[in-house]
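Open the model in your viewer and keep the selection tool at hand. We will go from stop to stop, choosing a few residues each time and looking at what is there.

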Amino acid sequence: CRGFTVLSITDPVIIREIDNLRKAQKDLSTSTILGHKEELEKEETVKAIHKALQNYSATSLDAHGIGFEKLIAKLFEVNGYDSYILSKQCGEDKADADILTINRSLLGDEFTTAYYIQAKHYYGNTGDYGLTQIKEYKKQLKKQAENGFVELKEKDSDQTISVDINNIRCCFITSGVFTDDVKTSASEHSIILIEGEALAKLIFDN
């Protein structure tokens, strides 16, 4: 209405019109509207990344799961970690981890942190096989620890780093979705879980 027009706030027609404008978010500032639009577009992009992650033909990832492992390794690298794709013979029996990431501290090895990651490319529900592998690997690490420290090799070097066993975490990352049983078991064994949609958001944010 014109600036000099006085409206009666008790008029039900006016009240209804104001309510409609608020519901349609047409009473917001341009910057707020753009902010909402940006957030919606971000949500749609994250969903698209998640969908693509579950379908190898929709990505340029290397085949047979190695591409997914490289993607996870890269995600840690852009956050300052040294990342290694591990040998398939790195564990004993069922024990297995696909990736090792190390965040080297300038304060000394006792402040350095590391993550062993089991990565599974799945569509839909992710079973407990990968969780069993990383749980067994965690047990293997405890056996390897001498005086509470595990010797880890530096990337592209013969040098080793002594990392406190308490500063080594184990993770299970999937492009799919974890079942409730997997979530319960992982929580009981202090295994970090990251599933498809959360992974897609991390990729988008980074």
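Let us begin with charge pairs: the count of salt bridges here comes to six. Bear in mind as you click around that this is a predicted model.

**Stop 1: Arg104 and Asp109**

Select Arg104 and Asp109 and show their side chains. They form a salt bridge, with 3.3 Å between the closest N and O atoms. How accessible are the two partners? Arg104 is partly exposed at 38% relative accessibility, and Asp109 is also partly exposed, at 21%. For Asp109, the cut-off is worth recalling: buried means under 20%, so a value of 21% places Asp109 among the partly exposed residues.

**Stop 2: along helix α4**

Now select residues 129–144, which make up helix α4. Within this helix, pick Glu136 and Lys139, which are three residues apart, or about one turn of the helix. Their side chains form a salt bridge whose closest N and O atoms are 3.3 Å apart. Colour the two by accessibility if your viewer allows: Lys139 has a relative accessible area of 47% and is partly exposed, while Glu136, at 30%, is partly exposed too.

**Stop 3: Lys183 and Glu195**

Next, choose Lys183 and Glu195, whose side chains meet in a salt bridge at 3.8 Å, N to O. Which parts of the chain does this pair link? Lys183 sits in helix α5 (residues 180–188), whereas Glu195 belongs to the loop between β9 (192–194) and α6 (196–205); the two residues are 12 apart and the pair links distant parts of the chain. Lys183 is partly exposed, with 37% relative accessibility, and Glu195 is partly exposed at 23%.

**Stop 4: a salt-bridge network**

Select Lys42, Lys201 and Asp205 together. These three residues are linked in a network of salt bridges.

**Stop 5: a negative patch**

Switch on the surface and highlight Glu38, Glu39, Glu41 and Glu43. What kind of charge gathers here? The four residues form a surface patch of negative charge. For a closer look, take Glu39, which lies in helix α2 (residues 30–53). Glu39 has a relative accessible area of 41%, which makes this residue partly exposed.

**Stop 6: strand β3 and its neighbours**

Hide the surface and select residues 113–120, which form strand β3. Why is this strand described as largely enclosed by the rest of the structure? Seven of its eight residues are buried.

Add strand β2 (residues 99–103) to the selection. β2 and β3 pair in the antiparallel sense, over five bridges. To find one of the contacts, click on Asn103 and look for Thr113, its bridge partner in β3.

Then add strand β7 (residues 168–174). β7 and β3 run parallel and are joined by seven bridges. Here you can pick out Ala119, which stands opposite Ile173 in β7.

**Stop 7: Glu151**

Finish at strand β5 (residues 149–153), where you will find Glu151. Is Glu151 buried or partly exposed? With 49% relative accessibility, Glu151 counts as partly exposed; the exposed class starts over 50%. Now select Ser162 as well and draw a distance between the two C-alpha atoms. Glu151 and Ser162 are 11 residues apart along the chain, and their C-alpha atoms are separated by 4.7 Å.

Technical notes:
Residues are numbered from 1 along each chain as its sequence is written. This is a predicted model: local features need pLDDT of at least 70, side-chain atom pairs count only at pLDDT 80 or more; totals for chains, interfaces and linings use all residues. Side-chain values use heavy atoms; hydrogens and water are left out. Buried means under 20% relative accessible area, exposed over 50%, partly exposed in between (1.4 Å probe, protein chains only). Helices (H or I, at least four residues) and strands (E, at least two) are DSSP runs, numbered from the N terminus. Two strands pair if DSSP finds at least two bridges between them. Patches are made of residues with over 30% relative accessible area and no salt bridge: like charges are joined within 9 Å, nonpolar side chains (Val, Leu, Ile, Met, Phe, Trp, Tyr) within 5 Å. Accessible areas come from the Shrake-Rupley method with a 1.4 Å probe; for residues, only the protein chains shown count as cover. Lys and Arg count as positive and Asp and Glu as negative; His and the chain ends are not counted. The place of a charge is taken as NZ of Lys, CZ of Arg, CG of Asp or CD of Glu.
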